[in-house]
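I set out here what I looked up in this structure, in the order in which I looked it up.

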Amino acid sequence: MLKKISVSSILRFAAVFLFLLFKYVEMWSFLITGEIYKSKIIIAMVAIIIAAISLKMKFDKRDIKKLLTTFIVFSVIVIFSKRFDLIVAFAFSVIYFNNEDGDKKFVKSFFISSAFLFITTIFLSIIGFLPSTFSTRLTESGNIINRNNLGFYGANSLFLSFYPIVISCIILYFKDNWKKNVLISLVVLILSIIFYKLTNCRAGILCIIVTLILANFMKFFRKNIFKQMAKYSFIILFIVSLVLALIFGTNTDNPISKISSGRMYFWNYYIKSVGFNFIGSEAIKTLPLDNLYLQFFYIYGFIAFA
């Protein structure tokens, strides 16, 4: 018997899909024209859908206080960082807030939308609608490796889009059935190897492999310990990133810096240039910070960790 899909569920899915489409349109427009196009029509549609859903929702006084406090904190961060992603995240948390299994439904909407737009991007690149850009990497042995962007910002950007899809897939479809888990892992691994061959993104495929190993051996961890670690994982990994940057980022000659393609050095430079800021600061446009944990801290500030 088919489960009836409510209008609210369709609208929630549409809001997630449209926002992700907005981000992909930014990328597609940059590759085609060299400028990022921010579609006001798409954002307006997302805002209207979220407003329509929110007006129909019922909240008790405790929920209102929590949402209001969170909104104030996020607003402060947005004002000083000049980035609106956290407000969008807040809006999605509101429309899925008191929905049964709301977190899982959001992940499912994200997974379907992201997978569709990801595949569409690669298809548009293959047929030539999106221009392919090629970069090279010089290995220590002197060999030159060609790297294809496959319709994304750069060779490393593909895995930045693919990794959240993999995480969503694991959350939704990894069960106690180890055969099913292994099959999913093999499919993901094969796709990752293909993407690696084309993009030569070492960090991307390494993250995928480590994640698949952890996901398959999750049942061997004590659940209460793992939950506690997961709860504080963001802060733990931020501290690890900070320590690695300070120790191995002073130069590019050490093995860790070489393995990370000099990332430690750039992280270290960013830390020393930007410094500590409670409310965040504007990103250095000429120096991309490709570390989520450091980026979150230095752009959104310490208040974002609250």
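**Notebook: rings, a helix pair and a chain contact**

I began with two phenylalanines: Phe-159 and Phe-162 both belong to helix H6 (residues 157-173), where they stand three residues apart, about one turn of the helix. I note that the model is a predicted one.

I then asked how many aromatic pairs the structure holds. The count is 17 aromatic pairs. Phe-159 and Phe-162 form one of these, an edge-to-face pair with 6.2 Å centre to centre and 75 degrees between the planes. I recorded it as edge-to-face because planes over 60 degrees apart are classed that way.

Next I checked whether the two rings' residues are buried or exposed. Phe-159 has 3% relative accessibility and therefore counts as buried. Phe-162 is buried as well, at a relative accessible area of 6%. The cut-off I applied is under 20%.

**Ring cluster and Arg-12**

I looked for rings joined through pairs and found a cluster made up of Phe-19, Phe-22, Phe-92, Tyr-96 and Phe-106. Tyr-96 has a further partner: Arg-12 lies over the face of its ring, at 6.0 Å from the ring centre.

I followed Arg-12 further. This residue is in helix H1 (residues 7-33). Its relative accessible area is 8%, so I entered Arg-12 as buried. Which residues does Arg-12 contact, once its neighbours within four places in sequence are left aside? I found Ile-53, Ile-95, Tyr-96 and Asn-99.

**Helices H7 and H8**

I turned to helix H7 (residues 178-199) and helix H8 (residues 202-216), whose axes come within 10 Å and cross at roughly 175 degrees. H7 is therefore roughly antiparallel to H8; the class requires an angle over 145 degrees.

I listed the residues that make the contact. From H7 they are Asn-181, Val-182, Ser-185, Val-188, Leu-189, Ser-192, Ile-193 and Tyr-196. From H8 they are Arg-202, Ile-205, Ile-208, Ile-209, Leu-212 and Asn-216. Sorted by kind, the residues of this contact are nine nonpolar, four polar and one charged.

**Val-274**

My last entry concerns Val-274, which I located in helix H12 (residues 263-274). I asked how far its C-alpha atom is from that of Tyr-298, 24 residues apart from it along the chain. The separation of the C-alpha atoms of Val-274 and Tyr-298 is 7.3 Å. At 25% relative accessibility, I entered Val-274 as partly exposed, because that class lies between the buried limit of 20% and the exposed limit of 50%.

How values were computed:
Residues are numbered from 1 along each chain as its sequence is written. This is a predicted model: local features need pLDDT of at least 70, side-chain atom pairs count only at pLDDT 80 or more; totals for chains, interfaces and linings use all residues. Side-chain values use heavy atoms; hydrogens and water are left out. Rings of Phe, Tyr and Trp (its six-membered ring) pair if their centres lie within 6.5 Å; planes under 30 degrees apart count as stacked, over 60 as edge-to-face and the rest as tilted. Helices (H or I, at least four residues) and strands (E, at least two) are DSSP runs, numbered from the N terminus. Buried means under 20% relative accessible area, exposed over 50%, partly exposed in between (1.4 Å probe, protein chains only). A charge sits over a ring if NZ of Lys or CZ of Arg is within 6 Å of the ring centre and within 35 degrees of the ring normal. Axes are lines fitted to C-alpha atoms, for helices over the stretch in contact, and angles run from 0 to 180 degrees between N-to-C directions. Angles under 35 degrees count as roughly parallel, over 145 as roughly antiparallel, 65 to 115 as roughly perpendicular and the rest as oblique. Contact means heavy atoms within 4.5 Å. Ala, Val, Leu, Ile, Met, Phe, Trp, Tyr, Cys and Pro count as nonpolar, Asp, Glu, Lys and Arg as charged, and the others, Gly among them, as polar.
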